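Here are my notes on the model you sent, as numbered points. Please read them with the viewer open.

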Amino acid sequence: MNLVALPPWAPSVIAGFVVLNVVIGIVTYITLLERKFAARMQSRIGPYRVGPHGLLQPIADALKLMMKEDIVPTAADRRIYNLAPIVFLIPCMLIFATIPFAPGLGVADLNIGILFFLAVSSMEIVGLFMAGWGSNNKYALLSAMRAVNQIISYDLPFIFSALIPVLLTGSLKLGDVAAAQQGSLLKWFVFYPVIGQLSFIMFIVATLAAENRVPFDILEAESELVAGFRVEYSGMKFALIQLGEYAHIIGSSFLGALLFLGAWSGPGPEWLGPVWFCLKMVFMFLVVTWIRWSFVRIRVDQILALSWKVLMPATLVLLISTAIVVVWRTSAGF
Amino acid sequence: MLDVNNTTRVEMDWSGPERLQMNMGPQHPSAHGVFRAIVTLEGETVVAVDAVIGYLHRCHEKLSETLTYAQYPSIASKTDYVAAMTSEFAYVLAAEEIGKFEVPKRAQYLRVIVAELQRIASHLLWLGTWCMDMGGALGGGATIFLYCIRERELVLDLFESLVGARLLYGFFQVGGTRYDIPDGWAQACRETIALIDSRIDEYEEMLEDNAFFLARTQGVGTVSRELAQDVGIAGPLLRGSGVDFDIRKNVPYSSYGDFDFSVPVETAGDCYARYKVRMAEFRQAIAIVRQALDTLPAGPISSRPALKSVAQIRIPKGEAYARVEGPRGEVGSYIISDGSAKPYRMKWRGASFSNLSILPLIIPGHKVADVVAIMGSVDPVFGEVDR
């Protein structure tokens, strides 16, 4: 039934192109959502002047960033400095490759989807470190140092908590994890007795740290390090870093919605699935935003202590007990 | 006695491979003004701090020699622009002491009311900016900051309806106050402080139940009682370190003896203790304003005729030091008069200036993030530091 004979690689390229652009669109508008949400929390109105209810504000911001002068510090390591935003952005965009937005609707639902996601999302540290090092700025250097500390410490709890739904499903394929939660609300892994709730909380804490959001935003830490690793960036390079950061947050929110909130399961016809998935992603994003605007930042040593002394052992214990539960359930036959 | 030179020798020329010297300020998002801290870091740990001040020096003391006793109170408010009423207060008290001017009871009460409202406004700004230092302008700190600013606006509205200005007032004048309260002001003031009183409960709920806030403040920047007395810090810092000293109580001025209030003291000496002291001071200030409004006597607001010329106020030869308890501690003004309409010499004692000198002694050993938390807990206003 093919009207036009497409080469075999074409569907992936087209899907990739579409997803990339949709993600960029979501990022621009999710910043507006965050600003409006934060404004409500702080008894303000938020962006209101550009377009009705400030709806064109993200476009105005993007245009402003494009027109800004691009400044490269004389003392910077030019090649590393210029490359860093792109190196940072690519992994943040790549994570969307494995996410199935509906059954069979995605760029590539790999067999090792979740492994790919976790591996790629921690690659952003390379870009961060390049930005911090290449800027040749002391604030940026300190921030890069903190970045390495933090990402290394929080990757393990992040992976462990993300592996719990994998254990419950028995597959690393994101599509399978989502499919295992279809049918009823109680099948969502967040409602799995005890294990589900605990691992969901740990997942949120670990993603906060992996996304560098308050209270774990010691990389940016504008009250100490001015703007951290991106203090020397301006114009489009700054915009790329910002885009990558938000793309990472959205990607992690999608992952959270997929692993714990049943992905595309919801009432209504099947084509509503992606809408439900996106709404759950927005819910995850708003939880993170809510936390961001209500806590003060904690110190670097406290962050590391929290990771290694609390979160790491807790997620590990939870992972092992999940494994025991799964084995017991299969051997008991229910 | 503490040997300041020995405890923290700042190694300005040391540039070994393991250490990093970093400028925080004079242009820095959390410097509370133009303050430059040269911090020496070993990794994340601060090993030495060199505090550089003077970027906001405006020759206030010299300026006061060129302005008459009628003119300068309005300018005095610019020394500490966050608590403008306090500096005016100190200046007119010194002039009145030399001139032996009586101040009518009503004027004294009005002075107390505005000084305590100013304390509330100043502490609100402190709480907001301090939380922003720790929580970030793009995080939970900004939320508290905006709540505090919302309440501070209400106090500034009161000042605006009283004197027409929101930041620098010129409310005080030698011999009394320049303005009386307008109709309905007392009621508006009561409503405002009742609202602020309820909001302070909200802040405490939001902060004291917050494990991250406690982790960032408890045990950070501890000032021992001995150190506090040696360095000569004042105000909430001193009381946070367990020294029960408040000029309003110990050396009452302007009818403070008439009011029933307590002086909150904490013994821990860390950032959290200073926070607790200031939160209790909110409540005491509100109590004082309430009492003063309830018992506000009728009568004139100044013992001197209304001003018709700037050189109208002349005070005899003599000298006097007057001190008031400002939001940041002891604000003093020392005036030497040669009998003319202007002071011969004038000296300010800014509370922030002496409080700031504690920083190089308590910061070393803390992490970079604590530098801003400790600096914020000291509550410096650089207009007052540099004058």
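1. Strand E2 (residues 36-42) of chain B pairs with E3(B) in the antiparallel sense, over seven bridges. Strands here are DSSP runs of E with at least two residues, helices are runs of H or I with at least four, and both are numbered from the N terminus. Two strands count as paired if DSSP finds at least two bridges between them. Among the bridge partners in E3(B), Val52(B) faces Arg36(B), and Asp50(B) is the partner of Ile38(B).

2. A quick word on conventions, since this is a predicted model: local features need pLDDT of at least 70, side-chain atom pairs count only at pLDDT 80 or more, and totals for chains, interfaces and linings use all residues. Residues are numbered from 1 along each chain as its sequence is written, while chains are lettered from A and ligands numbered from 1 in the order in which they are written.

3. What links E2(B) to E3(B)? The two form a hairpin with two residues between them. In the turn, Gly43(B) has a positive phi of about 70°.

4. The wider sheet is open, with three antiparallel strands in the order E1-E2-E3 of chain B. Strand E1 (19-24) and strand E3 (45-52) of chain B are at the edges with a single partner strand each, so one side of each has no neighbour in the sheet. From one strand to the next, the twist averages 20°. Angles run from 0 to 180 degrees between N-to-C directions, with axes fitted to C-alpha atoms, for helices over the stretch in contact.

5. Helix H15 (residues 368-378) of chain B lies across E1, E2 and E3 of chain B and runs at about 150° to E2(B). Contact means that C-beta atoms, placed from the backbone, lie within 7 Å.

6. Over in chain A, do look at helix H6 (residues 138-169): its 32 residues should span 46 Å at 1.5 Å a residue, and the end C-alpha atoms are 46 Å apart, which agrees. The expected span is 1.5 Å times one less than the number of residues. H6(A) bends by about 30° at Tyr154(A), with Pro157(A) following within four residues. That bend is the angle between axes fitted to the seven residues ending there and the seven starting there. Just after H6(A), Gly170(A) takes a positive phi of about 90°.

7. On confidence, chain A averages a pLDDT (the predictor's confidence in each residue, from 0 to 100) of 84, and 99% of the residues score at least 70.

Terms used
Two residues are in contact if their C-beta atoms, placed from the backbone, lie within 7 Å.
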